[in-house]
Amino acid sequence: MNVRTRTSAVIGTICLAASLALSTASADESEAPAQAPPVALTEVAKAQNPIAGTAGPGGTLWVAERAGTVRVLGKQGLGKTVLDISDETTTDGERGLLGIAFSPRFTHFYISYTNLEGTSTIDEFAVRSGRIVPDTRRTVLTQAQPYANHNGGDIRFGPDGYLYIALGDGGSGGDPHGNGQNLDTLLGKLLRIDPRGGTPYAIPKDNPFVGDPAARDEIWAYGLRNPWRFSFDSDKGDLLIGDVGQSDWEEIDWAPASSKGGENYGWSQMEGTHPFRGGTEPANHVPPVHEYDRTGLGCSVTGGFVYRGESIKALQGQYVFSDYCDGTLRTLQMENGKVTGVGDLGVSGGEVISFAEGCNGELYVLAQSGSVFRVDPA
């Protein structure tokens, strides 16, 4: 199956974003300032360490709390817990409940977490009448983690109906096991699987490394350090990944919707556009479209979304992201994989750990302090 179509009509009903791609674009040091429309952060809920969110049935927004609970956002804030795996995970290091996603048409709900042994785990639940059916739970995929950091953990469905899974390089520092460039491990990769096509899942036949005996068939892209948050542009279908750097450079990676997969984002030979500790740039390196150093307040990029909502017209088409240490909402204007403007929305969410996109394209900011903000016009 090789679906690469525009999905704007689909988005309105199943709140998906679109597909991946291959790029030769690179970070541009001459990026111009982007238009910065006036925005405000409206606190719509308080949570216990909100860490991920996803659009749910009936126009709802589901929010995951790192300790292992999931709650649904309503007019009065977050409601009662609809899922609790707090006795199956731990928040030491960078572990916990790290990602949530609904399948197309909201028939299944998926969670990404590290279990008590630290193993990255993707579990599936059936959904009926907008509710999780607990006794349908099954494990789809697991990956042992050698250290307690760089778990990645973000999950998201593409418009092709396949599940994409981001996994970090396994942790410690400097990728000591060389996982980023090793195609024989799932660590340091973006994966693409069909969770309903087999037991426990199937491999899409058009994945880039299918049939390569030296590579894992699940791999869609590689050379990633800790792709903490990624997303798809719900209009154009482009992929954007916020990959957390080692000590000097934070990066945003991009791929167009026409991609056939197989992108190598360079880690650990490269950190952004720079050789890492004497590394040699791979011949097939796909450089980031944007990078920033840590000479300012930033320390850990938090990937976001291309804004496609209606409430802030001047923000439409700009990629909104942040940094965990800085907290300022930043923007990128892009054309054909090239950044044409870099902006600052002039608001801070504090320790911004994640973003979420609602069914209507509006954006939410999740802060480790517990605040769930909606990005509104000022």
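## Pockets, cavities and salt bridges in a predicted model

β3, β7 (97–102), β11, β15, β21 (301–306) and β25 (352–357) each give at least two residues to the lining of the second largest cavity. The model is predicted, and the talk below starts from that cavity.

Student: Which residues are closest to the centre of the second largest cavity?

Tutor: Happy to start there! The second largest cavity holds about 80 Å³ of space, and its lining divides into six nonpolar, six polar and three charged residues. Of the 15 residues that line this cavity, the closest to its centre are D154, R156, R229, S354 and F355.

Student: How many cavities of 30 Å³ or more are there?

Tutor: A cavity is a space where a 1.4 Å probe fits but cannot get out. Counted by this rule, the cavities of 30 Å³ or more come to three.

Student: D154 and R229 both line that second largest cavity. How far apart are the closest N and O atoms of their salt bridge?

Tutor: In sequence the two partners are 75 residues apart, with D154 in the loop between β10 (131–143) and β11 (155–157) and R229 in strand β15 (residues 229–232). Both D154 and R229 are buried. A salt bridge needs a nitrogen within 4 Å of a carboxyl oxygen, and here the closest N and O atoms are 3.8 Å apart.

Student: Is D206, the salt-bridge partner of R192, buried, partly exposed or exposed?

Tutor: The side chains of R192 and D206 meet at 2.8 Å, N to O. R192 lies in strand β13 (residues 189–193) and D206 in the loop between β13 and β14 (219–222), so their salt bridge ties together parts that are 14 residues apart in sequence. R192 has a relative accessible area of 0% and is therefore buried. D206 is at 23% relative accessibility, so D206 counts as partly exposed.

Student: What about K313: buried or exposed?

Tutor: The side chain of K313 meets that of E310 in a salt bridge, at 2.5 Å from N to O. The cut-off for exposed is over 50% relative accessible area. K313 has 53% relative accessibility, so K313 counts as exposed.

Student: Which residues do salt bridges with shared partners join into one network?

Tutor: A search of the whole structure finds 18 salt bridges. Salt bridges that share partners make one network out of E88, D123 and R137.

Student: Let's turn to the open sheet of four strands. Which are its edge strands?

Tutor: Good choice! The strand order is β3-β4-β5-β6, with antiparallel pairing, and neighbouring strands are turned by 30 degrees against each other on average, direction ignored. An edge strand pairs on one side only, and in this sheet that holds for β3 (50–55) and β6 (77–84).

Student: Which residue of β6 stands opposite T69?

Tutor: Strand β5 (residues 69–74) runs antiparallel to β6, and five bridges join the two. Opposite T69, in β6, stands D84.

Student: Which residues are closest to the centre of the largest pocket?

Tutor: This pocket has a volume of about 340 Å³. Its lining comprises seven nonpolar, eight polar and four charged residues. Of the 19 lining residues, the closest to the centre are E94, N226, W228, S300 and I353.

Student: And which are closest to the centre of the second largest pocket?

Tutor: The second largest pocket contains about 230 Å³ of space. By class, five nonpolar, six polar and two charged residues form its lining. Of these 13 residues, the closest to the centre are G59, L73, G74, Y364 and R374.

Conventions:
Residues are numbered from 1 along each chain as its sequence is written. This is a predicted model: local features need pLDDT of at least 70, side-chain atom pairs count only at pLDDT 80 or more; totals for chains, interfaces and linings use all residues. Side-chain values use heavy atoms; hydrogens and water are left out. On a 1 Å grid over the protein atoms alone, a cavity is a set of points where a 1.4 Å probe fits but cannot get out, and a pocket is an open set with protein on both sides within 12 Å along at least five of seven lines; lining residues have an atom within 4 Å of a point. Grid points are joined across faces, edges and corners, and a volume is the space filled by probe spheres set on the points. Ala, Val, Leu, Ile, Met, Phe, Trp, Tyr, Cys and Pro count as nonpolar, Asp, Glu, Lys and Arg as charged, and the others, Gly among them, as polar. Buried means under 20% relative accessible area, exposed over 50%, partly exposed in between (1.4 Å probe, protein chains only). Two strands pair if DSSP finds at least two bridges between them. Axes are lines fitted to C-alpha atoms, for helices over the stretch in contact, and angles run from 0 to 180 degrees between N-to-C directions.
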